[in-house]
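User: I am new to this structure and would like a close look at one part of the picture, namely how side chains pair with one another. Please set that part within the chain as a whole, and explain each term as you come to it.

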Amino acid sequence: MGLPAREGSRAGARTQREREKEREMRTIDVSDLQGRPRPTPRVLQFGEGNFLRAFVDWKIDRMNEAGLEDWGVIVIRPIPGGNPKSLNEQDGLYTVLSRGMDEAGRKISESRVIASVRREIAAHGQWSEVLAAVRDLNIQVIVSNTTDAGIAYVPTVKYDDDPPVSFPGKMTRLLHERWKAFDGEAVAGLSMIACELIDHNGDALRRIVLRHAEEWALEAAFIAWLKTANSFHNTLVDRIVPGYPRADIDQVRAELGYDDAFIATAELFHLFVIERRQDQKKIPLPLARHDPETIIAEDVSPYKERKVAILNGAHTALCPLALIAGVETVGEAVTTEVGSKFLDRLLNEEVIPFLSLPKAELEAFAASVRARFANPFIRHLWYDIALNSIAKYQARNLPRLEASLERTGKPSPLMTLSLAAWLVFYLGRHAHAETWPPRDSAEIIARAVAIGEAGDAEAVVAAWLSEASFWGRSIDTPVLRAAVLEAYRFITAGPFTFERLATRLG
């Protein structure tokens with residue numbers, strides 16, 4: 001009995017020493033830049049989250065080094081709360097870990113200490129400092145990612161609020177401060193690059209800012225300056241950023257040799273498309289000059305269509321089939337022969353032929369998407385993807401399904417199978433329904449329950465396809481109903497598995 005006790009004591013001592021070592025580990029500091037300089041602040045960034053830090057700020061940092069550029073970022077925390085720590089505690093320094101697989105199938109994990117972020121300001125509590133920052137002529141660009149709901153009109157916002165509660169309200173106040181500070185000089189105009197995940201994000205921000213300016217009865221000269229000297233750019237942003245690596249943080253810290261509360265992990269892939277129409281001023285931020293994965297385009301729509309149809313559409317098409325089969329993650333699904341074959345056929349036969357960009361470009365993007373789905377560092381849950389899936393199917397998949405109907409007279413088979421699988425998922429008629437119930441609004445789920453009570457299988461399918469609140473209108477036609485009914489019966493004929501899915505793929 002004595003020996004185990006001594007071994008336990010030694011184990012306890014080792015644990016104590018490890019804890020002491022962790023406490024002694026230094027925090028990331030300027031020495032980790034290995035001589036790289038800190039740049040001049042020229043960008044105000046609304047949003048301190050993982051995505052902007054591992055996407056825009058990371059790109060700016062790489063640009064500075066590759067092109068000997070001098071672009072620093074002041075991060076503005078737009079809402080109270082969130083991470084209790086501030087980037088200022090680390091002098092704006094943090095690490096981005098880019099993780100994925102190379103073309104030879106080898107795992108890659110690249111770390112980069114980001115020097116581009118100079119400091120963080122909290123809009124709530126430090127609003128006067130935010131206003132002071134915009135009075136610096138060095139500031140030329142404003143970047144934002146204030147969540148999907150951030151670009152919204154709030155009628156109660158006032159000019160003198162400290163700060164205005166909405167992001168467009170803050171922007172209007174800031175731009176007016178800028179106009180006053182430089183007497184309306186055109187050279188003081190700014191480029192706004194909106195990264196929120198909504199359609200026409202820059203246009204939406206501009207529209208609300210102008211509405212606030214008019215409702216607040218701001219000077220006509222300011223509104224004219226706002227329209228002519230400033231530009232609001234639509235964008236497409238594309239990079240998966242899981243964020244802080246909690247699962248293997250001890251190993252990461254040991255490999256880096258320092259502590260970093262703001263480490264952000266991201267996939268290797270990254271694409272930034274910024275729209276600049278002919279009537280808009282030149283964007284001063286020279287990202288596209290040094291980064292092939294940043295594109296300045298006159299119209300961002302084809303790139304958005306490509307991403308929505310191929311990347312998002314593939315997620316939405318395979319998601320219900322995976323969940324009904326009991327497959328938990330994207331990686332688990334697409335690294336099987338069945339999942340891989342499903343994606344190949346879906347993208348090459350049912351998506352790419354109905355998109356507008358050149359076929360070779362679409363095929364290259366589709367290949368990158370398949371590789372991204374299989375990234376072993378990204379644990380993407382199908383159940384997370386299943387949120388609000390009826391609306392997602394309508395936006396991402398239905399246009400291709402209907403294009404196939406129009407061109408060939410027949411619905412595309414895998415899109416049809418997915419549409420039937422979503423019906424099965426929302427009705428809970430599968431083996432994993434208790435684990436993964438539908439994730440949608442109460443109204444949508446209630447309507448799905450009512451559809452399930454419509455009668456026999458054909459009546460249920462007809463009600464599903466006829467529900468205008470799901471699809472924007474009834475999509476029920478004899479051809480589509482027959483195809484969805486056959487797929488529905490196939491899925492529900494017995495326990496659904498990927499082995500049974502394989503029989504549909506030939």
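Analyst: Of the 506 residues of the chain, 51% count as buried, where buried means under 20% relative accessible area, exposed means over 50% and partly exposed lies in between, with a 1.4 Å probe and protein chains only. This is a predicted model, in which local features need pLDDT of at least 70 and side-chain atom pairs count only at pLDDT 80 or more, while totals for chains, interfaces and linings use all residues. Residues are numbered from 1 along each chain as its sequence is written, and side-chain values use heavy atoms, with hydrogens and water left out.

As a frame for the pairs, the chain has 22 helices and 12 strands, taken as DSSP runs numbered from the N terminus (H or I over at least four residues for helices, E over at least two for strands). The C-alpha trace spans about 85 × 70 × 45 Å along its principal axes. Of the contacts (heavy atoms within 4.5 Å) with a separation of 6 or more, 76% are made by residues 24 or more positions apart.

Among the side-chain pairs, the charged ones come to 35 salt bridges, each being a side-chain nitrogen of Lys or Arg within 4 Å of a carboxyl oxygen of Asp or Glu. One of them joins Arg253 and Asp259, with 3.1 Å from N to O. The two partners differ in cover: Arg253 counts as buried because its relative accessibility is 10%, whereas Asp259, at 27%, counts as partly exposed.

Another salt bridge brings together the side chains of Glu349 and Arg345, at 3.4 Å from N to O. Both residues belong to helix 12 (residues 337-351), where they sit 4 residues apart, about one turn of the helix. Glu349 has a relative accessible area of 45%, so this residue is partly exposed.

A further salt bridge, between Arg481 and Glu458, has an N to O distance of 3.7 Å. Since Arg481 lies in helix 21 (residues 478-492) and Glu458 in helix 19 (residues 457-466), this pair ties together parts that are 23 residues apart in sequence. Arg481 is partly exposed at 26% relative accessibility, and Glu458 is likewise partly exposed, with a relative accessible area of 38%. Elsewhere, salt bridges that share partners join Arg36, Asp61, Glu65 and Arg112 into one network.

The cysteines form no such links: the count comes to 0 disulfides, a disulfide being a pair of cysteine sulfur atoms within 2.5 Å. Cys195, at 0% relative accessibility, counts as buried, and Cys319 is buried with a relative accessible area of 0%.

The aromatic side chains give a second set, with 16 aromatic pairs in the structure. Rings of Phe, Tyr and Trp (its six-membered ring) pair if their centres lie within 6.5 Å, and planes under 30 degrees apart count as stacked, over 60 as edge-to-face and the rest as tilted. In the pair of Tyr159 and Trp216, the ring centres are 5.8 Å apart and the planes stand at 85°, so this pair is edge-to-face. The pair links distant parts of the chain, 57 residues apart, with Tyr159 in the loop between strand 6 (141-144) and helix 5 (167-181) and Trp216 in the loop between helix 6 (201-215) and helix 7 (220-228). Tyr159 counts as buried at 18% relative accessibility, and Trp216 counts as buried at 15%. A separate set of ring pairs links Tyr393, Trp422, Phe425, Tyr426, Trp464, Phe470 and Trp471 into a cluster.

The backbone of these loops also deserves a look. Most residues other than glycine have a negative phi, and most peptide bonds are trans. Pro163 lies in the loop between strand 6 and helix 5, and a cis peptide bond, with omega about 0°, joins Asp162 to Pro163.

Two residues other than glycine have a positive phi to note. Gln34 has phi near 55°; this residue sits in the loop between helix 1 (2-24) and strand 1 (41-46) and counts as exposed at 75% relative accessibility. Asn388 also has phi near 55°, but its place is the loop between helix 14 (382-385) and helix 15 (389-396), and at 32% relative accessibility Asn388 counts as partly exposed.
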